[in-house]
Amino acid sequence: MEYNPQEALQKTSPEQQIIRAARNVEYDRKFKKSAEDRLNQENPTPQGVFKVQSQAVAREIVGKANDLVNKKSKGEISNADFAAQMAMVNQMVGNLSNFTKTTEDNLALYNDMLKNGTLSYGMDQHEESVLQAIDRGDVKLALDKEGRVKMEGVGKHPTKGKFDINIYDFINIPKPFRKIKPINLLVDPFVKNLGLDENGMPRARTNENGQLVYDSGDFAEHDKEILDFTLNALENVGPEGVRSFLGDHLNIPNEQIKGLAEDVNFVDENGVEFEDAAQAEAFKNLNGYMGNKYTRQVRPHPDTIASQASQSAANIAANKQVSLPVQEQVQAQETEVMETPQGAVAETETEDVTMPNVAETMFDVSTESSPVKMKELSATDLIKKYS
């Protein structure tokens, strides 16, 4: 599978259609309500239910603290036991606060993305199902037998059905993520400028015949540059951006993305280390896309053109048994070739050198004394004249 911006918009796989259908149900439940429905509610909104649950848990924690204080005042527990159990109560308060804030923030994000159609198809469907279950009120906030705050209930995976939810650590409450913009908007300008200098010209180098040319080079010559750019881009978008690229722009199945993301510290066949196999897959596809997008730019170098023209003129003159001096006041050029990571790069210096006048020598006239103005002939003119 290779990245194709046109095909990225097509969401035709059975899995993607099921995910979209599940989201449409949530959208209708959340946002397609008539004025009468909003004014004549049969039940409070799930968010209202969650707040009620949070307040109930808070009162339960306060009750535990009051019991401890009463026992302490009656001498029923020691100072050490009191301190230890109050520390647990304080921990419950902190956990409840974290659960409440994280859940409300993540639900707000999810509903905003659901409403605007920006949810990523790369999002794990177990995690999205948890957020939907919380929003429907199917997952409840409570204290377990040991007094720990947790969320428990049942979620419904769009393709696998129902599953149990038991979350003790608030950091495990899923966070939604939005789909990233088409990545070719970032990649195409980079590919276009590969092998070019700051003026947009291919770099000067010698070709296989030892001649100077302007050449942006073979795509493989830019391996390190491409690797650095791509890894930096993937690090900037983060794990969620990588999953979005795979799901939204490569249309890779959700379960496959999940497996790739969980294969951490991945090393590919070339020995390149990635955070996980999902990042490696994204890199592989981007590298293939850039290779197909890249066009090698080769242009003739002025030194080579001048040299070839002079040689052609010399060959023609030799065939005609004509002596061919160099045109007056031409620019002598010295070119130094340096080896760089991009290949052989040339720097050219020029200086004016006085040479015999072509017209005077070939036609035995003096431009100083002759009343007739003779036009100086270039190498190109001579080629035309004697061809």
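In which helix do Y27 and F31 both lie, and how many residues apart are they? Both belong to helix 1, which covers residues 14-31, and they sit four residues apart, about one turn of the helix. Please keep in mind while reading that this is a predicted model.

## Aromatic pairs and a charge over a ring

A search of the whole structure turns up four aromatic pairs. Y27 and F31 make up one of them, a tilted pair with 5.2 Å centre to centre and 55° between the planes. Neither ring reaches the buried class, because the cut-off for that is under 20% relative accessible area. Y27 is partly exposed at 30%, and F31 is partly exposed too, at 28%.

Another aromatic pair is formed by F190 and F229, and this one is stacked: the centres are 3.8 Å apart and the angle between the planes is 0°. Here the partners come from distant parts of the chain, with F190 in helix 6 (residues 184-192) and F229 in helix 7 (residues 223-249), 39 residues apart. Both F190 and F229 are buried.

Aromatic rings can also meet charges. The charged end of R23 sits over the ring of Y121, 5.0 Å from the ring's centre.

## D144 in its loop

Next comes a residue with polar contacts to the backbone. D144 is found in the loop between strand 1 (139-143) and strand 2 (149-157). Is D144 buried or exposed? With a relative accessibility of 16%, D144 counts as buried, because the buried class takes in values under 20%.

The side chain of D144 reaches two backbone nitrogens: that of E146 at 3.0 Å and that of R148 at 2.7 Å. If we set aside neighbours within four places in sequence, D144 is in contact with K150 and Y168.

## Salt bridges

The structure holds 19 salt bridges. Here are three of them, with the N to O distance for each.

| Acidic residue | Basic residue | N to O distance |
|---|---|---|
| D135 | R29 | 2.8 Å |
| D105 | K101 | 2.7 Å |
| E255 | K160 | 3.3 Å |

The bridge between D135 and R29 links distant parts of the chain: D135 is in helix 5 (residues 125-136) and R29 is in helix 1, 106 residues apart. D135 counts as buried, at 1% relative accessibility, whereas R29 is partly exposed at 28%.

K101 and D105 tell a local story. Both lie in helix 4 (residues 79-116), four residues apart, about one turn of the helix. K101 counts as exposed at 53% relative accessibility, while D105 is partly exposed at 36%.

What does the bridge between E255 and K160 tie together? E255 lies in helix 8 (residues 254-262) and K160 in the loop between strand 2 and strand 3 (161-167), so the pair ties together parts that are 95 residues apart in sequence. K160 is exposed, with a relative accessible area of 51%, and E255 counts as partly exposed at 34%.

Which residues are joined into one network by salt bridges that share partners? They are E26, R29, K30, D135, R136 and D138. Two members of this network are already familiar: D135 and R29, whose side chains meet at 2.8 Å.

Notes
Residues numbered from 1 in each chain as written. Predicted model: local features only at pLDDT ≥ 70, side-chain atom pairs only at ≥ 80, totals over all residues. Heavy atoms only, no water. Phe/Tyr/Trp six-rings, centres within 6.5 Å; stacked < 30°, edge-to-face > 60°. Helix = DSSP H or I, 4+ residues; strand = E, 2+ residues; numbered from the N terminus. Buried < 20%, exposed > 50% of the residue type's maximum accessible area, 1.4 Å probe, protein only. Lys NZ or Arg CZ within 6 Å of the ring centre and 35° of its normal. Polar contact = N/O pair within 3.5 Å; in protein donor to acceptor, adjacent residues only side chain to side chain. Contact = heavy atoms within 4.5 Å. Salt bridge = Lys/Arg side-chain N within 4 Å of Asp/Glu carboxyl O.
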